[in-house]
Amino acid sequence: MIKSLAHPDYLALTSWLRNSRKQKGLTLRDVAERIDEPFQTVSKIEKAQRNLTILEYVEYCRAIEVDPAVGLDLIIKLSSKKKYR
């Protein structure tokens, strides 16, 4: 199983979250307030310095007003390129 924060698929997901937040015109502090966390936590999430649970991911997506399924589809597409035995 993948456990690294530096995994390319996780970096793609956090990049998607950051870009989505910016497209909505939200700041790190806006998101932090919405999820009731310090803004440093939001920064660490977007810089892939802190891992997200699936429940946190859904909450984060709701806070930035994006469909969590879109990010999951991104990960599924990236991971489908890998071959498993």
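These legends accompany views of a predicted model.

**View 1. The overall fold is helical.** The predicted protein has 5 helices and 0 strands. Read along the sequence, the pattern is α-α-α-α-α. The radius of gyration is 13 Å, and the globule rule gives 12 Å for 85 residues, so the protein is as compact as a globular protein of that length. Along its principal axes, the C-alpha trace spans about 45 × 20 × 20 Å. Among contacts with a separation of 6 or more, 65% join residues 24 or more positions apart.

**View 2. The surface of the protein and its buried share.** The accessible surface comes to about 6000 Å². Carbon and sulfur atoms account for 54% of that area. Of the 85 residues, 33% count as buried.

**View 3. The largest nonpolar core holds 18 residues.** W16, L17, V31, Y57, Y60 and I64 touch the most other members. Helix 1, helix 2 (28-35), helix 3 and helix 4 (54-63) each give two or more residues to this core.

**View 4. V31 and its contacts in the core.** V31 is one of the core residues that touch the most other members. Leaving aside neighbours within four places in sequence, V31 is in contact with R21, L26, V42, Y60, A63 and I64. Two of these partners, Y60 and I64, are also listed with V31 among the residues that touch the most other core members.

**View 5. T14 is a buried residue of helix 1.** Helix 1 covers residues 8-23 and includes T14. The relative accessible area of T14 is 2%; the cut-off for buried is under 20%, so T14 counts as buried. Beyond its neighbours within four places in sequence, T14 is in contact with I45, E46 and A48. Of these partners, I45 and E46 fall within helix 3, residues 39-46.

**View 6. The charged end of R29 sits over the ring of F39.** The distance from the charged end to the ring centre is 3.8 Å. F39 lies in helix 3. Its relative accessibility is 28%, between the 20% and 50% cut-offs, so F39 counts as partly exposed. Leaving aside neighbours within four places in sequence, F39 is in contact with L28, R29 and A32. R29 is thus both a contact of F39 and the residue whose charged end sits over the F39 ring. What separates the C-alpha atoms of F39 and N19? They are 20 residues apart along the chain and 17 Å apart in space. How many aromatic pairs does a search of the whole structure find? The search finds 0.

Terms used. Residues numbered from 1 in each chain as written. Predicted model: local features only at pLDDT ≥ 70, side-chain atom pairs only at ≥ 80, totals over all residues. Heavy atoms only, no water. Phe/Tyr/Trp six-rings, centres within 6.5 Å; stacked < 30°, edge-to-face > 60°. Lys NZ or Arg CZ within 6 Å of the ring centre and 35° of its normal. Helix = DSSP H or I, 4+ residues; strand = E, 2+ residues; numbered from the N terminus. Buried < 20%, exposed > 50% of the residue type's maximum accessible area, 1.4 Å probe, protein only. Contact = heavy atoms within 4.5 Å. Core = buried A, V, L, I, M, F, W, Y, C linked by side-chain atoms within 4.5 Å. Rg over C-alpha atoms; globule rule 2.2 N^0.38 Å. Areas by Shrake-Rupley, 256 points an atom, 1.4 Å probe, with all protein chains shown as cover.
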